[in-house]
Amino acid sequence: MIYVDADACPVKPEILKVAERHGIEVTLVANSGLRPSRDPMVRIVIVSAAFDAADNWIAEHAGAGDIVVTADVPLAVRCVATGAFVTGPTGRVFDDTNIGMASAMRDLGAHLRETGESKGYNAAFSPRDRSQFLETFDRLCRRAKAVTPPSGE
């Protein structure tokens with residue numbers, strides 16, 4: 001299963017295309033409405049507008065062998081702990097080897113923004129980011145399929 005933190009995800013069309021090619025179900029989780037899909041392999045879950053509602057839903061459902069797409073580092077921390085494969089929309093993989101540093105850097109950035117030391121601007125999403133995501137996401141789909149037997153087995 002692929003879980004997508006979908007509210008601000010810039011690569012939803014790419015996720016759907018690659019998932020279809022691999023035959024993996026996708027669940028898009030959002031606080032606001034998303035365009036419905038007629039594809040039976042795509043499920044849309046709308047959660048409340050409460051803070052972190054989408055993150056909490058994903059963290060409660062994602063498990064070992066699933067793929068999670070999120071730019072939210074605290075959600076990535078929770079999903080890596082369950083054994084999920086986690087990537088950001090720029091193709092950055094979060095795993096046991098780097099999630100601690102990613103979390104620490106996020107906390108440092110938040111502190112610097114709070115103290116006025118940093119403006120906290122993020123770089124614009126680029127074609128290179130999209131390309132890197134596609135490469136990473138396809139690789140994670142192949143890895144997930146290798147560890148998850150087809151349904152019915």
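Of the 153 residues of the protein chain, 39% count as buried. The model described here is a predicted one. Its secondary structure comprises 5 helices and 6 strands, and along the sequence these elements follow the pattern β-α-β-β-α-β-α-β-β-α-α. As for contacts between residues at least 6 apart in the sequence of the protein chain, 47% join residues at least 24 apart.

The strands provide a starting point. They form an open sheet of 6 strands with mixed pairing, in the order β3-β2-β1-β4-β5-β6. The edges of this sheet are held by β3 and β6 (93–94), each of which has a single partner strand, so one side of each is left without a neighbour in the sheet.

Strand β1 may be followed outward in both directions. Towards β2, the pairing is parallel and consists of 4 bridges; within it, V4 has L28 of β2 as its bridge partner. Between these two strands the chain passes through helix α1 (residues 12–22), and the resulting β-α-β crossover is right-handed. Towards β4, the pairing of β1 is again described as parallel, here over 3 bridges. Two positions of β1 illustrate this register: I2 stands opposite I67 in β4, and Y3 stands opposite V68 in β4.

Which residues of β1 are buried on its two faces? On one side these are I2 and V4, and on the other they are Y3 and D5, so that both faces of the strand are covered, a reading that rests on the burial of all four residues.

Helix α2 (residues 53–61) can be considered next. Its buried residues are A53, A54, D55, W57, I58 and A59. The buried residues of α2 pack against four strands of the sheet, namely β1 (2–5), β2 (26–30), β3 (42–46) and β4 (67–69), and also against the helix α3 (73–82).

Further along the sheet, V86 belongs to strand β5 (residues 85–87). Why does V86 count as buried? Its relative accessibility is 1%, and the class is assigned because buried means under 20% relative accessible area. Neighbours within four places in sequence set aside, V86 is in contact with V68, T70, A76, C79, V80, R92, V93, F94 and L140. One of these partners, V68, is the residue that Y3 of β1 stands opposite in β4. A separation in space can also be given for V86 and D66: their C-alpha atoms are 8.4 Å apart, while the two residues are 20 apart in sequence.

Another contact partner of V86 is C79, a residue that is itself buried at 1% relative accessibility. C9 is buried as well, with a relative accessible area of 8%. A disulfide is a covalent bond between the sulfur atoms of two cysteines. How many disulfides does the structure hold? The count is 0.

Helix α5 (residues 127–147) supplies two further buried positions. T136 lies in this helix and has 0% relative accessibility, which places T136 in the buried class. Apart from neighbours within four places in sequence, T136 is in contact with T87, G91 and V93. V93 is also among the contacts of V86. D138 has its place in α5 too. With a relative accessibility of 16%, D138 counts as buried; the cut-off is 20%. Residues up to four places away in sequence not being counted, D138 touches V18, R21 and H22.

The last feature concerns enclosed space. Rolling a probe the size of a water molecule over the atoms shows where empty space is left. Applied to this model, the search yields 1 cavity of 30 Å³ or more, and the volume of the largest cavity is about 30 Å³. Which residues line the largest cavity? They are L16, A19, E20, I24, V26, D39, M41 and V42. The element giving the most to this lining is α1, with 3 residues. This is the helix through which the chain crosses from β1 to β2.

Conventions. Residues are numbered from 1 along each chain as its sequence is written. This is a predicted model: local features need pLDDT of at least 70, side-chain atom pairs count only at pLDDT 80 or more; totals for chains, interfaces and linings use all residues. Side-chain values use heavy atoms; hydrogens and water are left out. Buried means under 20% relative accessible area, exposed over 50%, partly exposed in between (1.4 Å probe, protein chains only). Contact means heavy atoms within 4.5 Å. Two strands pair if DSSP finds at least two bridges between them. A crossover is right-handed if, with the strands pointing away from the viewer, the path from the first strand over the helix to the second runs clockwise. A disulfide is a pair of cysteine sulfur atoms within 2.5 Å. On a 1 Å grid over the protein atoms alone, a cavity is a set of points where a 1.4 Å probe fits but cannot get out, and a pocket is an open set with protein on both sides within 12 Å along at least five of seven lines; lining residues have an atom within 4 Å of a point. Grid points are joined across faces, edges and corners, and a volume is the space filled by probe spheres set on the points.
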